[in-house]
Amino acid sequence: MTYNLEELQDRIKTIANLPTLPHIASRLMQIVNSPHTSADTVASLVAQDISLSAKVLRLANSAFYGIPKSINTLNNAVVILGFKIIQTMVLSLTVFDMFTRDDTEDAQPFDRDAFWRHSLRCAVIGRLLAHRRRRSFALDPEEAFCAGLLHDVGKVVMEQYLNQDFHKALNHARVNGLPSFEAEREILGYTHCDVASWLTGTWSLPDEIDQPMVCHHEPEEATICVDSVMICHIADILSKVNEADEAAVREAAASLEQKARTLGLSVRDLTDTVADIPAEMERASMFIGR
C-alpha cells in the first residue's frame with residue numbers, strides 16, 4: 001500500500017509516542033550558539049542527567065578526541081572540547097538512548113547494530129572530508145560528524161513506529177536488489193528521509209545537521225546548507241565501499257569526482273579518506289559502544 005504525503009503526514013501525527021528530544025538536548029540546541037552562553041551554563045545543563053554526564057566524560061577521554069590529559073569534570077570537558085563537540089556528544093547519545101536495541105530484534109530483517117555501525121562509518125568519513133576540504137570558508141567537522149551519525153535516523157524511526165511498512169520495503173529492496181531509499185519510495189510512496197523531516201521538524205536541530213538527514217540521497221534538492229548535504233551524500237556512498245578493495249575504492253571515488261569538486265575536494269582526497277577509515281573507526285568505536 002502506498003500513501004500520498006498528506007495521508008502519511010496525518011498517519012505520522014497519530015503516533016502518540018513519536019519521540020521528541022529530551023529537555024537537556026533540546027535546551028542545548030537552543031543555547032549553544034548564543035554569545036551569552038558560558039561553559040558553566042552548558043556543564044550545568046548536562047549535569048542534570050547523571051547517566052548522560054558519565055557518558056560525555058567517557059567520550060571526552062576516549063582516543064577519538066586525543067586529549068593528552070585526563071578530563072575529570074564536565075566544565076573542563078566543555079572548555080577543552082568546545083560547545084560544538086559537546087553538542088555532538090549530547091545529541092548523538094540522546095538519540096541512541098531514544099532508539100535502544102530491542103532484544104527481540106535478532107529475528108527481524110533490520111539489524112540495528114549494523115545500522116549504527118554504518119551510521120558511525122558515515123560520520124567518520126564526513127568528519128574526515130570536512131577536515132580535508134579546501135575552501136575559503138570552513139565546514140565544521142563536528143557538524144559533519146553529527147549529520148553523518150544521524151543521517152538515517154528515519155529508518156530506525158520506521159522500524160520502531162512503522163514496522164510493517166518498513167519491513168515490506170526492506171523485503172522489496174532485498175528481492176529486487178534495490179537500495180532501501182528506492183524501495184521505500186516504490187512500495188510505500190514515502191522514504192526514511194520524509195520521516196526524518198517530519199520527525200525533526202520539532203527538534204530544532206541546526207540546519208547543518210537537519211538538512212543532510214532530509215536530503216542526503218538527493219543533494220540536488222537542498223536549497224540551504226548545500227555543502228553539508230553534499231558531504232553527507234558523498235560520505236554515505238563511500239561508507240558502503242570496502243576499503244580493502246582498491247579497485248572498488250577507485251571506481252567509487254571517480255564516480256564522485258564532479259560532486260567532490262563542488263566542495264573543493266579531489267579524487268585523491270576521497271581515496272585517502274577511505275584509507276583512513278579503519279583507524280578512525282577504531283578510535284570512534286566508543287561512540288556507539290553501549
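Cys232 is buried, with a relative accessible area of just 3%. This residue belongs to a predicted model of a protein with 17 helices and 0 strands. Of the protein's 290 residues, 51% count as buried. The points below start from Cys232 and move outward to the spaces, helices and loops around the model.

**Cysteines**

- How far is the sulfur of Cys232 from the closest cysteine sulfur? The gap is 4.4 Å, and the partner is Cys122.
- That is too far for a bond, because a disulfide needs two cysteine sulfur atoms within 2.5 Å.
- Across the whole structure, the search finds 0 disulfides.
- Cys146 is another buried cysteine, at 1% relative accessibility.

**The largest cavity**

- The search of the whole structure turns up 2 cavities of 30 Å³ or more.
- The largest cavity holds about 60 Å³ of space.
- Cys232 appears again here, as one of the residues that line the largest cavity.
- Others in this lining include Leu139, Asp140, Glu143, Ala144 and Ala147. Glu208, Pro212, Ser228 and Ile231 also line the largest cavity.
- Which helices each supply at least two residues of this lining? They are H8 (141–150), H13 (207–215) and H14 (226–238).
- By class, the lining of the largest cavity has 6 nonpolar residues, 1 polar and 3 charged.

**The second largest cavity**

- The second largest cavity has a volume of about 30 Å³.
- Two helices give two or more residues to its lining: H3 (39–46) and H5 (74–81).
- H5 provides the largest share, 3 residues.
- The lining of this cavity is made of Ala43, Val46, Val56, Leu74, Ala77, Val78 and Ile86.
- How many of these lining residues are nonpolar, polar or charged? The lining has 7 nonpolar residues, no polar and no charged.

**The largest pocket**

- The largest pocket has a volume of about 280 Å³.
- Its lining has 14 residues, and the closest to the pocket centre are Phe110, Phe115, His118, Lys155 and Ser180.
- Helices H7 (112–132) and H10 (163–176) each supply at least two lining residues.
- H7 gives the largest share of the pocket lining, with 3 residues.
- The lining of the largest pocket has 6 nonpolar, 3 polar and 5 charged residues.

**Leu120 and its contacts**

- Leu120 sits in helix H7, the helix that gives the largest share of the pocket lining.
- Is Leu120 buried or exposed? Leu120 is buried, because its relative accessible area is 2% and buried means under 20%.
- Leaving aside neighbours within four places in sequence, Leu120 is in contact with Phe145 and Leu149. Its contacts also include Met281, Ala284, Ser285, Phe287 and Ile288.
- Leu120 and Leu150 are 30 residues apart along the chain, and their C-alpha atoms are separated by 8.7 Å.
- Contacts that span the chain show up in the protein's totals too. Among contacts between residues at least 6 apart in sequence, 68% join residues at least 24 apart.

**Helix H12**

- Helix H12 covers residues 192–200 and is mostly covered. In this helix, 7 of the 9 residues are buried.
- The buried residues of H12 are His192, Cys193, Val195, Ala196, Trp198, Leu199 and Thr200.

**Two loop residues with positive phi**

- Most residues other than glycine have a negative phi. Two loop residues go the other way.
- Ser204 has a positive phi of about 55 degrees, although it is not a glycine.
- Where is Ser204 found? Ser204 is in the loop between H12 and H13.
- Ser204 is partly exposed, with a relative accessible area of 48%.
- Cys225 also has a positive phi, near 50 degrees, and is a residue other than glycine.
- Cys225 lies in the loop between H13 and H14.

**Confidence**

- The mean pLDDT of the protein is 87. Of its residues, 88% reach 70 or more.
- Which helix has the highest confidence, and which the lowest? H14 is highest, at a mean of 96. Helix H1 (residues 5–13) is lowest, at a mean of 63.
- Where pLDDT is low, the predicted coordinates should not be read in detail.

Technical notes:
Residues are numbered from 1 along each chain as its sequence is written. This is a predicted model: local features need pLDDT of at least 70, side-chain atom pairs count only at pLDDT 80 or more; totals for chains, interfaces and linings use all residues. Side-chain values use heavy atoms; hydrogens and water are left out. Buried means under 20% relative accessible area, exposed over 50%, partly exposed in between (1.4 Å probe, protein chains only). On a 1 Å grid over the protein atoms alone, a cavity is a set of points where a 1.4 Å probe fits but cannot get out, and a pocket is an open set with protein on both sides within 12 Å along at least five of seven lines; lining residues have an atom within 4 Å of a point. Grid points are joined across faces, edges and corners, and a volume is the space filled by probe spheres set on the points. Helices (H or I, at least four residues) and strands (E, at least two) are DSSP runs, numbered from the N terminus. Ala, Val, Leu, Ile, Met, Phe, Trp, Tyr, Cys and Pro count as nonpolar, Asp, Glu, Lys and Arg as charged, and the others, Gly among them, as polar. pLDDT is the predictor's confidence in each residue, from 0 to 100. Contact means heavy atoms within 4.5 Å.
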